[in-house]
Amino acid sequence: MLLQTDNLTVGYDGQAVIEAVCLHIRKGEIVTLIGANGSGKSTILKTIAGTLEKISGRILFMEKNLEDFSRKEKAEKFSVMFTEKVHTELMSCQEVVETGRYPYTDYFGRLSQTDRQAVEEAIQLVDIEDFADKDFSQISDGQRQRVLLAKAICQQPEILILDEPTSYLDIHHKIRFLEILRKLVAEKQMAVLISMHELDFAEKISDYTVAVKDGKVVHYGKPDTIFTAENICDLFSIPKDLYHQYLGKMTK
Amino acid sequence: MVMVFTGNLITGSADIPLGEILFGKAYNETIYTILLRIRLPRVLGACILGGALALSGYLLQTFFHNPIAGPFILGISSGAKLIVAVVMIVSANMLFSVSGLFMIVSAFFGSMVTLVLVLIISRKVRNTALLVVVGVMIGYICSAVTEFMVTFADDSDIVNLRNWSMGSFSGMTMENVGVMSAVVFLCLVMTFLLAKPISVYQLGESYAFHLGVNVKALRVWLIVLSGMFSACVTAFAGPVSFVGIAVPHIIRAICRTTKPLVLIPACFMGGSIFCMVCDMIARTVFSPTELSISTVTAIFGSPVVIAVMLRKKKGQF
């Protein structure tokens with residue numbers, strides 16, 4: 001088991017948002033978090049990533065307490081991509097990707113041969129060679145997400161944590177983005193923990209799905225047991241007739 | 001590599017005007033002692049303090065993620081000035097003289113107090129423009145109190161004090177230069193050691209955090225170092241406006257990069273040149289009457305600030 005949470009309670013300022021989260025993820029797996037806006041998906045991800053203090057419970061990484069890892073070790077094993085916008089000034093996409101090598105570079109942040117290779121590889125993998133020299137602040141949202149993904153990849157983590165990375169992308173870029181994730185998982189045996197609103201995609205890419213509602217995990221399991229009309233209606237408080245009218249064809 | 005190379009080229013060319021100024025002096029001045037005792041320390045002072053001021057502004061802009069931050073505009077210089085004025089008046093009344101180092105310490109104390117005040121307010125307001133307005137107001141309050149005290153401190157020292165409270169590089173001694181260069185050099189080295197974390201801190205705090213940066217420690221260091229730099233300036237030259245805010249922008253525009261390893265030395269050099277040129281203008285244009293250094297720096301510095309604000313309006317944010 002790569003990452004495991006044991007009775008984890010997460011929230012802000014000591015106030016619990018979600019209680020008793022138990023989830024686990026192995027190498028080469030994609031685990032998706034679904035749930036309504038404000039249900040606490042991001043809170044779970046932020047706590048695992050270390051941005052938020054956990055309230056109680058345990059987070060185990062490779063069977064060890066996450067707190068026992070140093071800042072640098074964590075940065076080498078976890079890559080995260082949150083919804084906060086990244087502002088840059090006079091930085092090319094390539095330079096943004098290079099920041100992913102931060103935990104590995106020397107005291108002045110100079111890139112070694114290995115660093116350059118990792119950057120090159122990541123850029124090729126997410127297919128951003130065409131605009132790698134362009135200014136990061138002047139490319140489209142879809143391109144920006146891919147650059148940030150490349151940055152996360154060249155960090156060479158064991159686990160990738162992504163908070164709604166596809167929300168602002170059009171369907172073409174959504175599919176491309178998810179395709180890259182699949183490739184990563186297949187080729188590099190990376191683990192991916194991702195929250196998303198696109199149920200149709202979540203069902204297709206995930207090995208496990210965690211459904212969150214009203215401060216607790218209401219469903220946890222293989223996608224085919226979770227993406228049923230009944231569960232989805234309940235999870236997002238959608239009346240049955242409306243569900244069939246609007247979403248009927250997307251899920252079972 | 002190309003970026004670093006161009007950066008180095010620019011910092012290299014910065015040395016040339018420095019040399020010219022020194023040579024120009026040597027030809028113009030006939031009396032050797034005046035040159036060595038008055039002019040040389042003054043030029044050195046402008047050089048060192050100008051660089052310190054520019055770096056102080058650079059660090060503050062990094063800290064606040066705000067392009068219009070600077071030690072003067074945020075009231076930090078004025079806070080330092082207030083405390084230094086208090087120390088000067090008290091020491092003049094009690095007839096003991098204060099060492100340069102002690103002046104720096106008191107200026108540092110003053111700048112830290114105002115910085116903390118600005119920080120508390122900045123937590124409440126996330127708005128760039130409002131933060132600047134608050135800083136300017138704090139600056140005015142401190143200046144008013146200083147003026148008040150200067151007016152009532154009836155003493156022979158007052159001429160010097162008034163001069164200083166306007167901002168000037170005059171009255172610099174070699175001893176002062178020694179103290180300030182030691183302090184500034186130390187801070188400069190520490191700033192260089194922060195170059196790597198600063199490079200990712202620029203992209204956002206959580207971004208830096210997830211790359212393994214100790215964000216809290218970095219923030220403390222940024223504040224302490226920028227306070228130290230501006231304290232040094234205020235202790236010896238009084239408040240000097242617009243250098244801290246304008247020079248980093250000019251340098252960024254010239255170097256076309258935001259890499260700290262390039263910007264830190266370039267800002268220092270840029271600040272040095274800017275201050276030396278401004279000081280030269282302050283001394284020579286209406287000689288023998290001297291302009292206050294802030295008058296000159298404001299003339300050149302404020303258009304830059306306006307340009308930055310206009311450009312920011314156009315771009316995203």
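**Figure 1. The largest nonpolar core of the predicted model**. This core has 154 residues. The members that touch the most other members are A:A150 and A:I161 of chain A, together with B:L49, B:C232 and B:C267 of chain B. Helix α2 (residues 32-64) of chain B supplies the largest share of the core, with 15 residues.

**Figure 2. Surroundings of B:C232, one of the core residues that touch the most other members**. With neighbours within four places in sequence left aside, B:C232 is in contact with B:L49 and B:A52. Its other contacts are B:I104, B:M180, B:V183 and B:V184. B:L49 is also among the core residues that touch the most other members, and B:M180, B:V183 and B:V184 are buried residues of helix α7(B).

**Figure 3. Helix α7 (residues 174-193) of chain B and its two faces**. The helix has 20 residues, which at 1.5 Å a residue should span 28 Å. The end C-alpha atoms are 29 Å apart, in agreement with that expectation. B:N176, B:V177, B:M180, B:V183, B:V184, B:C187 and B:T191 are buried. Viewed down the helix axis, the buried residues of α7(B) lie within an arc of 145° and therefore line one face. On the face turned away from this buried side are the exposed residues B:M174, B:E175, B:A182, B:F185, B:L186, B:V189 and B:L193.

**Figure 4. Strand β9 (residues 191-195) of chain A and its partner strands**. Five of the five residues of β9(A) are buried, so the strand is largely enclosed by the rest of the structure. A:A191, A:L193 and A:S195 point one way from the strand, while A:V192 and A:I194 point the other way. Strand β4 (residues 30-35) of chain A pairs with β9(A) in the parallel sense over four bridges, and here A:I30 stands opposite A:V192. Strand β8 (residues 159-163) of chain A also pairs with β9(A) in the parallel sense, over five bridges. In this pairing A:I161 stands opposite A:L193; A:I161 is one of the residues that touch the most other members of the largest nonpolar core.

**Figure 5. The contact between chain A and chain B**. Chain A contributes 22 residues to the contact and chain B contributes 19 residues. On the side of chain B that touches chain A, the elements giving two or more residues are α8 (195-201) and α9 (205-209) of chain B. Of these, α8(B) gives the most, with four residues. By class, this side of chain B has seven nonpolar, nine polar and three charged residues.

How values were computed
Residues numbered from 1 in each chain as written. Chains lettered and ligands numbered in written order. Predicted model: local features only at pLDDT ≥ 70, side-chain atom pairs only at ≥ 80, totals over all residues. Contact = placed C-beta atoms within 7 Å. Nonpolar A, V, L, I, M, F, W, Y, C, P; charged D, E, K, R; others polar. Core = buried A, V, L, I, M, F, W, Y, C linked by C-beta atoms within 7 Å. Buried ≥ 20, exposed ≤ 12 C-beta atoms within 10 Å, placed from the backbone. Expected span 1.5 Å × (residues − 1). Arc of directions from axis to C-beta. Pairing = 2+ DSSP bridges.
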